[in-house]
Amino acid sequence: MSRSPSFSLKSEPNSTVDNEALRRWIVAFCVIRFDLEQGQVIEECFPSGCLTQDEELGAAFSSFPDSVSQNDNRLSIHDCIFFFRFRRRGNASAANLPTSEIADVEKDTLQKSATNGKALQDASNQNSDEGSQFLYGYVFNRQRHDERLKRGGEQKSVVILSHSPFSSVFRPLLQIMGPLFFDIGRKALDHIAAYVSMWPPPVPGKVMELPIGNATLKVNLPPAFSLPFDEKMMLEESATFVVPSLATNQLIPLGLFHDTDLFGIFRGILLQLWVLWELVLVGEPILIIAPTPSQCCEAVAGLVSLVAPLLCSVDFRPYFTIHDPDFAHLNSIQDGSAFPPIILGVTNLFFLKALRNMPHIVSVGTPVANSSRASSASRSPSGRPTSRLEGLGVQQLSLRKFSPSSLLNAVKLRRDGPLCLMTEHKEAIWTTYGSTTKPDTSILNRLVDAGSLARVEESMSVVNNEILRRHFLELTTNFLSPFGPYFKINTPLEGSSPFIDPPALPAFDAEEFLHTLAARGPGKFLSKRMKSNWLDLYRRFLKGKNFMPWFNRRRAVAEHEQHRLWKLARLKTDIQQFLSKMSELEVVDSFNAIERQLLGELQLQKSGTIGQESQDSMKICQKLQGDLKAVFDVLPKDMQQLLLMNPERAALVQRT
């Protein structure tokens, strides 16, 4: 793989790198060399000292393919791009938690945020990546075969480490940075870091133009609701938490790993996509086997993206090796014991034996053909980097009806089990899961067969991906729609006072929900695509790891939005219009409500809010202080004296 001939760094960027600005996007740049005698050796790390020893080991062990590319040419270069995800062991709050407890940590955080409006702002003065439980590593790996070198070649990886799953940013950045490093060495890290530190902060759900040398990366960042919970994103998420529109004249809303080539990586098992959608939806453990890291990480990212707009809370590892500390735990699971909810992408066939009790095993991709120089990513005629990775060779789209021979092959695959992959790679799925959702043949029939022309195949893959994504977005959205009433926001009715506390959102009870849903039915869209046991899928979903984090997060966002709308209504409403119509008891209740609201806003200001939020809070405080004084003045004298017996309340009234 090589950079575009037109790319250059222009003038030398400012050599001073703002590490805090850089950290908004990237934790570290690393260069790691594979030494046959010493193992993985970190040659460069920028900024220095930013990783713990465990993080360095995790990155080093995950940055190389499990096998070396074989090539007949004695002077050859093989490049590939892939990414991995590993748990941060240096984080005391989450490092030692088992996988099954990670979702519970987020659940507790969200419940606290949902029950206390100001809790959503408590982290506003903290670094956004504190508490991050995982690091993402984006790898440009180069294997150079040269008989003149010691041991016949060398292997080296350029790695970007980040807290963010921004594959749409870091993949094209690696396409520039990787070859540049092998051209000019360490200077490449300094130059790229200088440009990245000048980028504006990431804005979830937006299209951003990020300059790098004389090029500009135009990228779509995933929306806030698809990213790990961060109180700072609450305002952005409030505007996007509503179910996405599915109008045919609108673009598909982006989700996590939306740039994945869903059609390309799963084209050999397209009929099984609906089974895989259910497995991810309910949080089942899945093992993905592929010939190369590029293909297995593409498949894992594709599965995560399949359930958008649902927040996927299942642990996923796009490229997993036996050196990951979590492997010891997974390998120790005894026969009959359940695996934690996790999606593993692997290339080492040893996992078929080590994790032989994994209930769902999926084999995807095609072995890489030998070539003098393999490309890890291709570029469309428009110049836009695509998500096609090495190893996804052109393959005829086969959606023919079942034939006796194909049926016999399916039976043979099932009988032989996944261990048949030890002798020959095949695209297949092994599971005993009984799916509820039926494959949508109308969607499959719309997919376009590109034939054997690579250029046509690439553009047709874009069309096919859009068809598949739109369908599964609609499928997931319709599946989640029965939960909509629990996120319904109440706004002040016309003519009613907004100076009382807003009503709570409807309480959720799983059994009551299932009973109501059974009586009402799944709706027209799902009833046509699901079997009669569709309610069982909802039961499994409620018990799975995706439900509670998603539900609590949606509730927190809904309550935050409701809180904001009621504050806006108080700001616009003249309280004098209501005082003359209130009874004495209603006036006292209004005084108590305004007092609570004012204290909440004052506490919010003490917490150190900045920017627009601080200005809005100051306006609301001034308005509430005037309203509190107006309500206090109409109270009888004896009631005023009674209220002033509380020193804190007396100070608050005198302040107004």
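A helix here is a DSSP run of H or I at least four residues long, numbered from the N terminus. Keep that in mind as you click around this predicted model.

**The whole chain**

Start with everything shown. You have 23 helices and 13 strands in the chain. Of its 656 residues, 53% are buried. Now think about contacts between residues with a separation of 6 or more: 77% of them join residues 24 or more positions apart. If you switch on the surface, its accessible area is about 30,200 Å², and carbon and sulfur atoms account for 52% of that.

**Stop 1: Gly-264**

Select residues 262–266, which form helix H7, and pick out Gly-264 inside it. Is Gly-264 buried or exposed? Its relative accessibility is 8%, so it counts as buried, as the cut-off for that is under 20%. Next, add Asn-464 to your selection. Gly-264 and Asn-464 sit 200 residues apart along the chain, yet 8.9 Å separates their C-alpha atoms.

**Stop 2: helix H9**

Move on to residues 293–306. This is H9, with 14 residues, and at 1.5 Å a residue it should span 20 Å; the C-alpha atoms at its ends are 20 Å apart, so the two agree. All 14 of the 14 residues are buried, so the rest of the structure largely encloses H9.

**Stop 3: two cysteines**

Hunt for disulfides anywhere in the structure and the search gives you 0. Cys-297 is in none, and the nearest cysteine sulfur, on Cys-296, lies 5.9 Å away. Cys-297 has a relative accessibility of 1%, so it counts as buried. Now jump to Cys-50. Cys-50 is in no disulfide either, and its nearest cysteine sulfur is that of Cys-45, 4.2 Å away. With 21% relative accessibility, Cys-50 counts as partly exposed.

**Stop 4: a pair of strands**

Select residues 360–363 for strand S11, then add S13: the two pair in the antiparallel sense over 4 bridges. Across the pairing, Ile-361 is opposite Trp-430 of S13. Show the side chains of S13, residues 428–431. Ala-428 and Trp-430 are on one side, Ile-429 and Thr-431 are on the other, and all are buried, so both faces are covered.

**Last stop: helix H20**

Finish with residues 584–606. H20 has 23 residues and runs 33 Å from first C-alpha to last, close to the 33 Å expected at 1.5 Å a residue. Which residues of H20 are buried? Among them are Val-587, Phe-591, Ile-594, Leu-598 and Leu-602. An α-helix has 3.6 residues a turn, so residues three or four places apart point the same way.

Note on methods: Residues numbered from 1 in each chain as written. Predicted model: local features only at pLDDT ≥ 70, side-chain atom pairs only at ≥ 80, totals over all residues. Heavy atoms only, no water. Expected span 1.5 Å × (residues − 1). Buried < 20%, exposed > 50% of the residue type's maximum accessible area, 1.4 Å probe, protein only. Pairing = 2+ DSSP bridges. Disulfide = S-S within 2.5 Å. Contact = heavy atoms within 4.5 Å. Areas by Shrake-Rupley, 256 points an atom, 1.4 Å probe, with all protein chains shown as cover.
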